[in-house]
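Okay, thanks for coming, everyone. Let me put the structure up and then walk you through a few spots in it.

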Amino acid sequence: MALRALVALSSFSLLSACQSIIEQTYEPAVSPSSNPQIVEEVQKNDPRAQLGAREHPRIVASYGGEYKDAKTERLVARITGALTAVSENPQQSYRITILNSPAINAFALPGGYLYVTRGLLALADDASEVAAVLSHEMAHVTANHGIQRQQREEAEVIASRVVSEVLSSNLAGKQALARGKLRLAAFSRNQELQADVIGVRMLGEAGYDPYAAARFLDSMAAYSRFTAVDPEADQSLDFLSSHPNTPQRVELARRHARAFGPEGTSGDRGRDYYLAGIDGLLYGDSPQEGYVRGQTFLHGQLGIRFDVPQGFQIDNKAEAVLATGPGEVAIRFDGISDNARRNLTDYIASGWVTGLQPDTIRPVSVNGLEAATARASADRWDFDVTVIRLGDRIYRFLTAVPKGSTALDATASQLRSSFRRMSSAEVQSLKPLRIRVVTVRPGDTSATLAARMMGTDRKLDLFRLINAMQVTSTVRPGDKVKIISE
């Protein structure tokens, strides 16, 4: 709720599965091959592929670009190839893109454009689980669900253009269009169920464990609970937001899997070659978006860092850093270019803050940096607004609390006082986290292996999640497991 209140002060786009992204640009790169049978050539006369091609650059740009790693790309291509052979249209060609995003997501566009995030690959425990996701998305393609959704979206685009013309702010029009596309992003329930049935059949016929779909739905739900501040709240804006993980749906997947035999008796999980294919996979934030280390956000390229209070959880998105904490307190941090070097008190008063209280605007200094603060109030929320100049950029903290909450002063003060330049040594020491595959040695336990994890203060919980282990699960010498480290 507090995060929704922050939208009133500054816009940010929310991406959900199976959607089209707008108003972004990206220059695709195609590498030459000794065999020039590329996707564009195969699909050049397919009108459905033209729809996918139109949206592809925007999708890639919105999810941080393509993730390039030869062995991981070969792994995903191997899985897709096995599924294509048993699909309802074996002649359909597919263009698979691994997106450089830590989100747990996968989706499809008309004409055979398939997408999977590196975040999903990190969570999956074996090849059959990735095959379960891809077969579901391939089913959307072969059933032409994307074409049916496109017709609904066209009407929404027209309506949103009217909104953009009426509102004085073009940004407001883009927000309206983004909200409309989010409503239409999900396939219908019947389409999702149809894709489930087709996907499980493809899994079994391709020789994969047909129960992988149910297993991975459970894993994604567990990860969603792990990353939520409130374990009972539905905060997913990823695969599960348009692929609801209801118990009935999981049971449906298991029921269709039983056509291939009892669980554990049929199909290959492909765990060994899967782990080999993702060893070294980038995990979590990319260097271009900065890093989250516990309660601290660090950005080596920008040379900045700050801390959030204990009990807060940071969500580092491409467009902003969000943090939520107890008592419905929420924080948003972002930055804008400031080549004109505007006066900061004038900048706060320039109209971008809804409900601003002009008499509260004050110039301040933050660790030797020029800054300004103000208060705002809107609906049921009180806000602290802090802007800080560093070089040619203005950094902005927006803190929201329910009206009357006593947490506003303490939270905003801690944020301001913790913001500072990083030293050269700090910048040099920053390294991205990666998935590392290790072999269990005699004497190792889940606890000792989890102690080697980095990037979380809940090491054992995350270790179990990425290895699909239950609380009662144990490790044995010779087993291969994933850990997260530099």
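**A walk through the model**

Let's start with Ser 413, which counts as partly exposed because its relative accessibility is 37%. Ser 413 sits in helix α15, residues 407-418. Measure across to Asp 384 and you get 9.5 Å between the C-alphas, with the two positions 29 residues apart in sequence.

Now, a word of caution: this is a predicted model. The mean pLDDT of the chain is 78, and 76% of the residues reach 70 or more. Residues 145-187 are below 50, though the model still gives that stretch 57 contacts beyond near neighbours in sequence. Residues 230-238 also stay under 50, with 14 contacts beyond four places in sequence. Where pLDDT is low, the predicted coordinates should not be read in detail.

On to the inside. The largest nonpolar core has 68 residues, and Ile 79, Tyr 274 and Leu 462 have the most contacts inside it. This core takes at least three residues from each of domain 1 (42-282) and domain 3 (434-485). There's also a second, separate core of 23 residues, with Ile 304, Val 329, Ala 371 and Phe 397 among them. Back to Tyr 274: its contacts further off in sequence include Leu 75, Leu 121 and Val 130, along with Asp 125 and Asp 126.

That last one, Asp 126, takes us to the charges. Which residues does it share a salt-bridge network with? The network links Asp 126 with Glu 129, Asp 209, Arg 215 and Arg 269. Within that group, Asp 209 and Arg 269 meet at 3.3 Å, N to O. The pair joins distant parts of the chain, 60 residues apart: Asp 209 is in the loop between α9 and α10, and Arg 269 in the loop between α12 and α13. Asp 209 counts as buried because its relative accessibility is 3%, while Arg 269, at 37%, is partly exposed.

Asp 338 and Arg 342 make another salt bridge, at 3.5 Å. Asp 338 is at 1% relative accessibility, so it counts as buried, and Arg 342, at 34%, is partly exposed. In total the count comes to 27 salt bridges.

Last stop, Glu 289, in the loop between β4 and β5. What is the nearest side chain of opposite charge to this one? That's Arg 118, 6.1 Å away, and Glu 289 is buried with no salt bridge. Further along the sequence, Glu 289 is in contact with residues including Phe 297, His 299 and Asn 316.

Notes
Residues are numbered from 1 along each chain as its sequence is written. This is a predicted model: local features need pLDDT of at least 70, side-chain atom pairs count only at pLDDT 80 or more; totals for chains, interfaces and linings use all residues. Side-chain values use heavy atoms; hydrogens and water are left out. pLDDT is the predictor's confidence in each residue, from 0 to 100. Contact means heavy atoms within 4.5 Å. Helices (H or I, at least four residues) and strands (E, at least two) are DSSP runs, numbered from the N terminus. Buried means under 20% relative accessible area, exposed over 50%, partly exposed in between (1.4 Å probe, protein chains only). Lys and Arg count as positive and Asp and Glu as negative; His and the chain ends are not counted. A salt bridge is a side-chain nitrogen of Lys or Arg within 4 Å of a carboxyl oxygen of Asp or Glu. A nonpolar core is a set of buried Ala, Val, Leu, Ile, Met, Phe, Trp, Tyr and Cys residues joined through side-chain atoms within 4.5 Å. Domain bounds come from an automatic or database domain assignment.
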